[in-house]
Amino acid sequence: MTAQLVADADLQQAARVNDKGNFGVPFREALDDALVTRHEKHGDFINTIFQDEALGAFFRNWMLDQVYGRLRGGSDECPVTRRPEPD
């Protein structure tokens, strides 16, 4: 889904001319559209995103960071890494 959003020409233009706060407006609409198109395959997860306010906000903000960062020239790598639990 991230790759689809990064490839969206309208979002690319919006990222060029907006700070992250203003970019969030068209981004959230595009993200919701992308989620709806995947509902048939990932219905339980997507329903949770739309129904659980805290999880939905976390997911949308995380995706906003990922997509805006990539469109503004950031890394394609996710900054979150798994580390082993301490003994």
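Here a student and a tutor talk through a predicted model of a protein chain.

Student: What makes up the secondary structure of this chain?
Tutor: It comes to 5 helices and 0 strands. From the N terminus on, the elements run α-α-α-α-α.

Student: Okay, salt bridges next. How many does a search of the whole structure find?
Tutor: That search finds 2 salt bridges. Let's take them one at a time.

Student: Why is the pair Asp 65 and Lys 20 called a salt bridge?
Tutor: Check the distance: the closest N and O atoms are 2.6 Å apart. The cut-off is a Lys or Arg side-chain nitrogen within 4 Å of a carboxyl oxygen of Asp or Glu, so the pair Asp 65 and Lys 20 qualifies. The pair also links distant parts of the chain, with Asp 65 in helix α5 (residues 53-71) and Lys 20 in helix α3 (residues 20-37), 45 residues apart.

Student: Are those two buried, exposed or partly exposed?
Tutor: Asp 65 has a relative accessible area of 39%, and Lys 20 has 37%. Partly exposed covers what is neither under 20% nor over 50%, so that is the label for both Asp 65 and Lys 20.

Student: And the other salt bridge, what makes Arg 60 and Asp 32 count?
Tutor: Their closest N and O atoms are 3.1 Å apart. That is within 4 Å, so Arg 60 and Asp 32 form a salt bridge. Arg 60 sits in helix α5 and Asp 32 in helix α3, 28 residues apart, which links distant parts of the chain.

Student: Why is the link between those side chains called a polar contact too?
Tutor: The limit for a polar contact is 3.5 Å between N or O atoms, and the side chains of Arg 60 and Asp 32 are joined at 3.1 Å, so the label fits.

Student: How do you know whether Arg 60 is buried or exposed?
Tutor: Look at its relative accessibility, which is 15%. Buried means under 20%, so Arg 60 counts as buried. Its partner Asp 32 has 24%, so Asp 32 counts as partly exposed.

Student: Which residues does Arg 60 touch?
Tutor: Not counting residues up to four places away in sequence, Arg 60 touches Phe 27, Arg 28, Leu 31, Asp 32, Ile 49 and Phe 50.

Student: Let's look at helix α2. Which of its residues are buried?
Tutor: In α2 (residues 9-17), Leu 11, Ala 14 and Ala 15 are buried.

Student: Why do you say the buried residues of α2 line one face of the helix?
Tutor: Seen down the axis of α2, they fall within an arc of 100°, so they line one face. The face turned away from that buried side carries the exposed residues Ala 9, Arg 16 and Val 17.

Student: What do the buried residues of α2 pack against?
Tutor: They pack against α1 (2-7), α3 and α5.

Student: What caps the N-terminal end of α2?
Tutor: Asp 8 does, with a side-chain oxygen 2.8 Å from the backbone nitrogen of Asp 10.

Student: Where is Gln 13, and why is it called partly exposed?
Tutor: Gln 13 lies in helix α2. Its relative accessibility is 37%, neither under 20% nor over 50%, so Gln 13 counts as partly exposed.

Student: Which residues have the most contacts inside the largest nonpolar core?
Tutor: This core has 18 residues, and those with the most contacts inside it are Leu 5, Leu 11, Phe 23, Phe 27 and Leu 31. The elements that give two or more residues to the core are α2, α3, α4 (39-51) and α5.

Student: What does Phe 23 touch?
Tutor: Leaving out residues up to four places away in sequence, Phe 23 touches Leu 11, Ala 14, Ala 15, Asn 18, Leu 64, Val 67, Tyr 68 and Leu 71.

Student: One more: where is Asp 19, and what does its side chain reach?
Tutor: Asp 19 is in the loop between α2 and α3. Its side chain reaches the backbone nitrogen of Gly 21 at 3.2 Å. Asp 19 has a relative accessible area of 46%, which is not over 50% and not under 20%, so Asp 19 is partly exposed.

Student: And how much of the whole chain counts as buried?
Tutor: Of its 87 residues, 28% count as buried.

Technical notes: Residues are numbered from 1 along each chain as its sequence is written. This is a predicted model: local features need pLDDT of at least 70, side-chain atom pairs count only at pLDDT 80 or more; totals for chains, interfaces and linings use all residues. Side-chain values use heavy atoms; hydrogens and water are left out. Helices (H or I, at least four residues) and strands (E, at least two) are DSSP runs, numbered from the N terminus. Buried means under 20% relative accessible area, exposed over 50%, partly exposed in between (1.4 Å probe, protein chains only). A polar contact is a pair of N or O atoms within 3.5 Å; within protein, one must be able to donate a hydrogen and the other to accept it, and residues adjacent in sequence count only if both atoms are side-chain atoms. Contact means heavy atoms within 4.5 Å. The arc is that of the directions from the helix axis to the C-beta atoms. A nonpolar core is a set of buried Ala, Val, Leu, Ile, Met, Phe, Trp, Tyr and Cys residues joined through side-chain atoms within 4.5 Å.
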